[in-house]
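Please look through the model shown here and work through the questions that follow, which take up its strands, its charged pairs and its ligand in turn.

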Amino acid sequence: MCGIIGYTGTRSVLPILLEGLSTLEYRGYDSAGVAVHQNGLQTVKSKGRLALLEEKLQARAHLEAATCGIGHTRWATHGEPSDQNSHPHGTDRLALVHNGIIENYLEIAAFLVEQGYTFSSQTDTESAAKLLDYHYAKSGDPQEAIFKTLAMLRGSYALGICFADYPERIYAVRKDNPLIVAKTPTGALIASDVPAVLAHTNTYWRPEEGVLAVLEKDAVRFFKSSGEEVSQKQECVDWNVAQAQKGGFPHFMLKEIHEEPTAISQTASAYMKDGLPHFNLELLDTDRLKEFRAIHIVACGTAMHAGLIGKSVIEQLCRVPVSVEIASEFRYRDPILHEQDLVILLSQSGETADTLAALRHAKANGVHTLAIVNVIGSTVAREADSVLYTLAGPEIAVASTKAYSVQCTLLYLLALRLGLVNGKLSAQTVREICEKLRVQVPAAVEEVLKSCDKVRAAAEKVVDAEHMFYIGRGVDCALCTEASLKLKEISYIHSEAYAAGELKHGTISLVVDGTPVVALSTVSSVAEKMLSGIREVASRGAKILCVTTKQISEQYDLPADIHLVLPEIDELLAPFPAICVMQLLAYYVSALKGLDVDKPRNLAKSVTVE
Ligand code: F6R
């Protein structure tokens, strides 16, 4: 999604804006632009990568003296990627950058046309900018004009605004979209995401919805629409710049996969006390937990796939029914919710629009909501009744990897806690599994990482495929959905995940000579059935890549063209090393194809629009 950065202070603003925008590249974008104060507002915009914007700026050397401005990376929603549609938008009086969607922009545009305004872009944002100009022209008061404008906007926004009349000031406000404000020794910043300010500070404010931030080089102040000045809570992250950079790896994705052992062990350790799961949440640490009749896990994409693993483990260990729902469906399909249900929202960013809407829907229905989120203080985290943070650190690559693993880690811990309180598991059993989760799992993932070369060699054998299949049974089937998503999103190879027993009900007609089929087999109780499924596709000429546990590899003679054996681990925990193999496979296929691994086409890191 789009990225916002802004700075006012004593330093030259352009390097700060460009560095900030480059840090935000991971969110996905197709054009970029800046507006800086230098004898009036100077706006420079360019379709395409940041390098093209930088080229244009080189021809405007006099802008180097500017010390206040805003910048934006745009991910097109309304109007194609083009110079004109790029942000900032505005007039001679003001420049505005926007993340989100203004739903009633056509209505606003029609009103403004009647007032004599003309439009040069196809964006919803230009309507907001010109509406602001309309109000500012009337009152001459930025604050009043902004609040009058907000009152007329429907939709979601994070806005950064500069007025030509106030060359050292930035205004910022948000609704249903992330925005942070930070103070540094040399000035003040706005940004859509924490990594963009980490080079300057690790403390920031996340203004409440509708609270206007006014930034000047010496002060940051916050105002309500009534004009009353208010204070906002300052937050702090312990991430540093190095964590938000590649650290010697060719891509963020590979770096983040390598961070999985640490992320898993940190997350597991943080939620254990005396060897048992402990969440420091009244609801999850008492008998109330066993009152839940059913659990709904609601999320999007990879997070939803982690939910499928959660369903498998919670139902297996606790016999509590779990449904896993795609957030964009849940919010509109009027799901049957009961006050004794628990709704779990899973999200790396905590800003995904559909997940947030699903959370609000569940709350409106009086159901307890628990957020499992990676970004501290994000909207989902703040609005849920209870929150548990995954400790993955910043995830920059668009393709989610370590966030998935830690979401699974927390869902395992939750399953263990639930099993304990409802008497399905003994304290001894739970303690043993906890210990394995904390120690054995990170070690097994580490071992997979040591044998990256084998996965790379396997990737070489499938890199030219047009279609691929992933098959598995039980929890492996859930893992395959994520393995398949990882492959298609970054390698652009079409792939499908199938329950191994379901393939023959239609899809097997697509398997022809040489079609790669990745067969995941970690569940010993159905290993023999998996073998039949593998034979079915092998006999149709499929190229078989088997990923199995050591035990299954020793017990069965698998017709594999390539065979990757997972490190030894308790079968219940095999999904962790297994997904690591699958993530690496997708990574190497994409890298071998020379694709932009961290920024796949059409995708955005944080999907803050519906
Ligand atoms: C895929 C991926 C997406 C996200 C999804 C939800 O690699 O990252 O499918 O998982 O957009 O995002 P969060 O977890 O931020 O809610």
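Q: Which range of relative accessible area counts as partly exposed?
A: The model is a predicted one. A residue is called buried under 20% relative accessible area and exposed over 50%. What lies in between these two limits is termed partly exposed.

Q: Is D83 buried, exposed or partly exposed?
A: Buried would require under 20% and exposed over 50% relative accessible area. D83 has a relative accessible area of 35%, and therefore counts as partly exposed.

Q: Which parts of the chain does the salt bridge between K56 and D83 tie together?
A: The side chains of K56 and D83 meet with an N to O distance of 3.0 Å. The two residues are 27 apart in sequence, so their pairing ties together separate parts of the chain. K56, like its partner, is partly exposed, at 32% relative accessible area. The parts in question are helix α2, which holds K56, and the loop between β4 (68–74) and β5, which holds D83.

Q: How many residues apart are R49 and D596?
A: R49 and D596 form a salt bridge in which the closest N and O atoms are 3.7 Å apart. R49 is partly exposed at 34% relative accessibility, and D596 is partly exposed with a relative accessible area of 33%. R49 sits in the loop between β3 (41–47) and α2 (50–58), while D596 belongs to the segment after α19 (575–592), and the two are 547 residues apart.

Q: Which residues are joined into one network with R206?
A: The side chains of E351 and R206 meet in a salt bridge of 3.5 Å, N to O, and both residues are buried. E351 lies in the loop between β20 (341–347) and α11 (353–364), and R206 in the loop between β11 (203–205) and β12 (212–215), 145 residues apart. Through salt bridges that share partners, the network joins R206 with E235 and E351.

Q: How much of the ligand's accessible area does the protein cover?
A: The ligand is surrounded by 14 residues, with S347, Q348, S349, T352 and E489 as the closest. Oxygen atoms of the ligand lie 2.7 Å from a backbone N or O atom of Q348, 2.6 Å from a polar side-chain atom of S349, and 2.9 Å from an N or O atom in the side chain of K486. On its own the ligand has 400 Å² of accessible area, of which the protein covers 90%.

Q: Which strands stand at the edges of the open sheet of 7 strands?
A: The sheet runs in the order β5-β6-β7-β8-β12-β13-β14, with antiparallel pairing. An edge strand here has a single partner, so one of its sides is left without a neighbour in the sheet. The strands in that position are β5 and β14 (229–230).

Q: Over how many bridges do β6 and β7 pair?
A: Strand β6 (residues 94–102) has 9 of its 9 residues buried. A hairpin through 3 residues joins β5 to β6, and these strands pair in the antiparallel sense over 2 bridges, with H89 opposite L96. With strand β7 (residues 155–163), where A158 is the bridge partner of N99, the antiparallel pairing of β6 extends over 9 bridges.

Q: Which residue of β8 stands opposite Y157?
A: β7 and strand β8 (residues 170–175) pair in the antiparallel sense over 5 bridges. Opposite Y157, the residue in β8 is K175.

Q: Which strand is joined to β1 by 5 bridges?
A: Strand β1 (residues 3–9) has 7 of its 7 residues buried, so the rest of the structure largely encloses it. G3, I5, Y7 and G9 point one way from β1, whereas I4, G6 and T8 point the other way. An antiparallel pairing over 6 bridges links β1 with β4, where G3 stands opposite T73. The antiparallel partner joined by 5 bridges, in which G187 is the bridge partner of G9, is β10.

Q: What span does α19 reach from its first C-alpha to its last?
A: Of the 18 residues of α19, 16 are buried, so the helix is largely enclosed by the rest of the structure. G594, with a positive phi near 70°, follows α19. At 1.5 Å a residue the expected length is 26 Å, and the helix comes close to it, with a span of 25 Å.

Definitions and conventions. Residues are numbered from 1 along each chain as its sequence is written. This is a predicted model: local features need pLDDT of at least 70, side-chain atom pairs count only at pLDDT 80 or more; totals for chains, interfaces and linings use all residues. Side-chain values use heavy atoms; hydrogens and water are left out. Buried means under 20% relative accessible area, exposed over 50%, partly exposed in between (1.4 Å probe, protein chains only). Helices (H or I, at least four residues) and strands (E, at least two) are DSSP runs, numbered from the N terminus. Two strands pair if DSSP finds at least two bridges between them. A salt bridge is a side-chain nitrogen of Lys or Arg within 4 Å of a carboxyl oxygen of Asp or Glu. A residue is near a molecule or strand if one of its heavy atoms lies within 4 Å of it. A polar contact is a pair of N or O atoms within 3.5 Å; within protein, one must be able to donate a hydrogen and the other to accept it, and residues adjacent in sequence count only if both atoms are side-chain atoms. Accessible areas come from the Shrake-Rupley method with a 1.4 Å probe; for residues, only the protein chains shown count as cover. The expected span of a helix is 1.5 Å times one less than its number of residues.
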